[in-house]
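Subject: Handover of a structure for your review

Dear colleague,

Please find below the sequence and structure that I am handing over to you. I would be grateful if you would read the notes that follow with the model open.

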Amino acid sequence: MKTILQKHINQNLSFLKGKNLLIAISSGIDSAVLTHLFYQLNFSISLAHCNFMLRGKESKKDEQFVKELGEELKIPTFTIQFETKKYALENSISTQMAARDLRYNWFQKITEENNLDFILTAHQKDDVIETFIINLTRGTGLDGLTGIPEVNGNIIRPLLPFDRNDILIYATKNKLHWREDQSNSSLKYVRNKIRHKIVPVLKELNPSLLDSFQNTLENLKGSQQIVKDCVQNVSKTVVSSTNKELHFSIPLLKKLSNPKIYLYELLKNYGFTEWDDICDLVDAQSGKFVFSKTHRLLKDRNVLILTNLSNIEESGVFEIKENITKIKYPIKLKFDKIDIPFDSKNRQNNVFNELIFDDNNTISIDYDKIKFPLTLRRWHKGDYFYPIGLQGKKKISKFFKDEKLSLIDKENTWLLCSDNNVVWIIGKRLDDRFKVSKSTSTILKIKL
């Protein structure tokens with residue numbers, strides 16, 4: 001096994017050579033063998049063990065086993081204890097998912113803090129077929145049927161060429177020590193039911209099951225690559241990028257042979273799970289949307305707009321003090337104070353008119369009509385202003401509707417206010433109360 005692994009590393013994982021590796025070790029046979037093999041091959045390794053505190057004294061004994069192994073091999077060893085059930089409850093996820101999140105987040109933290117290059121896990125062939133069956137029973141796409149990737153970012157699984165029997169033979173031959181997790185025999189877990197009830201029957205039907213399954217995986221991966229190439233070509237015409245958003249053309253999506261499948265492939269990396277709701281967006285009215293934990297997909301006329309939630313800024317208030325000449329955050333504005341000599345002729349000629357000739361991105365206001373600090377904020381329900389050129393006040397929500405602004409446009413609109421009175425819907429309309437008049441002695445020109 002050692003010789004085969006060395007050859008596999010030389011051919012497929014040569015980038016591991018000379019690197020600092022972190023081995024995720026549970027104290028079970030798989031990770032014990034992984035540790036022994038890489039120690040024997042003279043790699044620079046450290047150990048990381050998570051105590052999820054799910055099995056009382058047994059969990060503590062697993063942790064102690066790993067610490068003693070680290071001392072015996074004289075290699076750095078990291079251990080941590082997690083309140084896994086509490087974390088699962090707080091995040092409304094299963095205990096197994098909580099353990100996964102906790103351990104991988106911690107592994108990444110260790111690598112960053114200790115200048116380690118890769119994380120090694122002890123997954124092997126039997127784990128792959130178990131995961132395949134789990135995903136198959138839950139419903140999945142090609143990604144869920146193509147097995148556990150050998151390389152996933154900085155996470156490497158070098159034991160995938162071996163099965164559970166190979167590992168048992170190696171451990172026995174080399175008189176290795178490990179601890180048996182009694183929960184691995186409990187049939188209350190889905191994986192264990194598959195491991196102990198389903199896979200043995202499949203192996204009885206086909207003694208070469210793992211090899212045959214490996215061939216099937218390679219065929220599926222080939223098909224997966226064809227799908228990726230096709231989706232990539234489609235995305236060049238259907239998807240466009242603008243202002244940190246992705247826009248998906250609905251008319252072009254509808255022309256595809258199977259819009260639902262293409263939507264899945266185009267959006268699967270953004271954390272969505274409600275695929276029926278996403279498909280319904282195509283024919284929904286503008287303003288409807290679906291959330292994932294990280295993104296929002298919004299229907300806006302003839303496009304679906306994908307936005308990262310971190311880019312949808314929370315409402316906040318930003319002060320602008322007197323005599324400020326420019327700001328860069330949350331938007332870029334330039335301020336120019338201009339004094340006008342009191343000269344009736346000057347106020348009636350083109351010189352004065354040129355001073356207040358503005359466009360949507362520039363305003364001129366009467367300096368004496370504003371109160372500092374000015375503020376920048378998002379619009380709120382019930383906000384109103386007095387649009388320049390019109391009689392009376394108007395709700396900003398009605399102004400947005402008349403301007404046919406999308407939800408995205410509304411979210412990206414800022415208000416410049418004086419004493420909480422709207423001075424300017426930035427980039428769109430000035431408030432009549434603050435306009436320059438013939439009696440104005442000082443102009444404040446603001447440019448977006």
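The notes below cover a helix and its core, two groups of strands, and a pocket. Please bear in mind throughout that this is a predicted model.

Helix 2 and the nonpolar core

Helix 2 covers residues 29-40. At 1.5 Å a residue, its 12 residues should span 16 Å, and the end C-alpha atoms are indeed 16 Å apart, so the expected and modelled spans agree. Of these 12 residues, 10 are buried, and helix 2 is therefore largely enclosed by the rest of the structure. The buried residues are I29, D30, S31, A32, V33, L34, T35, H36, L37 and F38. Just after helix 2, N42 adopts a positive phi of about 65°.

In soluble globular proteins, nonpolar side chains tend to be buried together. Here the largest nonpolar core contains 31 residues, and L16, L21, V33, F38, F43 and L120 have the most contacts inside it. Two or more residues of this core come from each of helix 1 (2-12), strand 1 (20-24), helix 2, strand 2 (44-51), helix 3 (57-73), strand 4 (118-120) and helix 8 (164-173). Helix 2 gives the largest share of this core, five residues.

Strands 9, 10 and 11

Strand 10 spans residues 295-300, and six of its six residues are buried, so the strand is largely enclosed by the rest of the structure. H295, L297 and K299 point one way from strand 10, while R296, L298 and D300 point the other way; all are buried.

Strand 10 pairs with strand 9 (residues 289-291) in the antiparallel sense, over three bridges. Within this pairing, F289 has L298 of strand 10 as its bridge partner. The two strands, strand 9 and strand 10, are joined by a hairpin through three residues.

Strand 10 also runs antiparallel to strand 11, to which six bridges join it. D300 has V303 as its bridge partner in strand 11. The hairpin of strand 10 and strand 11 has two residues between the strands, and R301 takes a positive phi near 55° there.

The five-stranded sheet

An open sheet of five strands is arranged in the order 12-16-19-20-21, with antiparallel pairing. Its edge strands are strand 12 (318-320) and strand 21 (429-430), each of which pairs on one side only. Within the sheet order, strand 19 (residues 415-418) and strand 20 (residues 421-425) pair in the antiparallel sense over four bridges. In strand 20, N421 stands opposite S418.

The second largest pocket

Which residues lie nearest the centre of the second largest pocket? They are N243, K244, E245, N311 and N412, from a lining of 21 residues. The space in this pocket is about 500 Å³. By character, the lining residues divide into seven nonpolar, eight polar and six charged.

Strand 8 (245-249), strand 11 (303-308) and helix 16 (407-411) each supply at least two residues of this lining. Helix 16 provides the largest share, three residues. Strand 11 thus appears in two parts of this account: it contributes to the lining of the second largest pocket, and it is joined to strand 10 by six bridges.

With kind regards

Terms used
Residues numbered from 1 in each chain as written. Predicted model: local features only at pLDDT ≥ 70, side-chain atom pairs only at ≥ 80, totals over all residues. Heavy atoms only, no water. 1 Å grid on protein atoms, 1.4 Å probe; cavity = no way out; pocket = protein on both sides within 12 Å on 5 of 7 lines; lining within 4 Å. Points joined across faces, edges and corners; volume = space filled by probe spheres on them. Nonpolar A, V, L, I, M, F, W, Y, C, P; charged D, E, K, R; others polar. Buried < 20%, exposed > 50% of the residue type's maximum accessible area, 1.4 Å probe, protein only. Pairing = 2+ DSSP bridges. Expected span 1.5 Å × (residues − 1). Core = buried A, V, L, I, M, F, W, Y, C linked by side-chain atoms within 4.5 Å.
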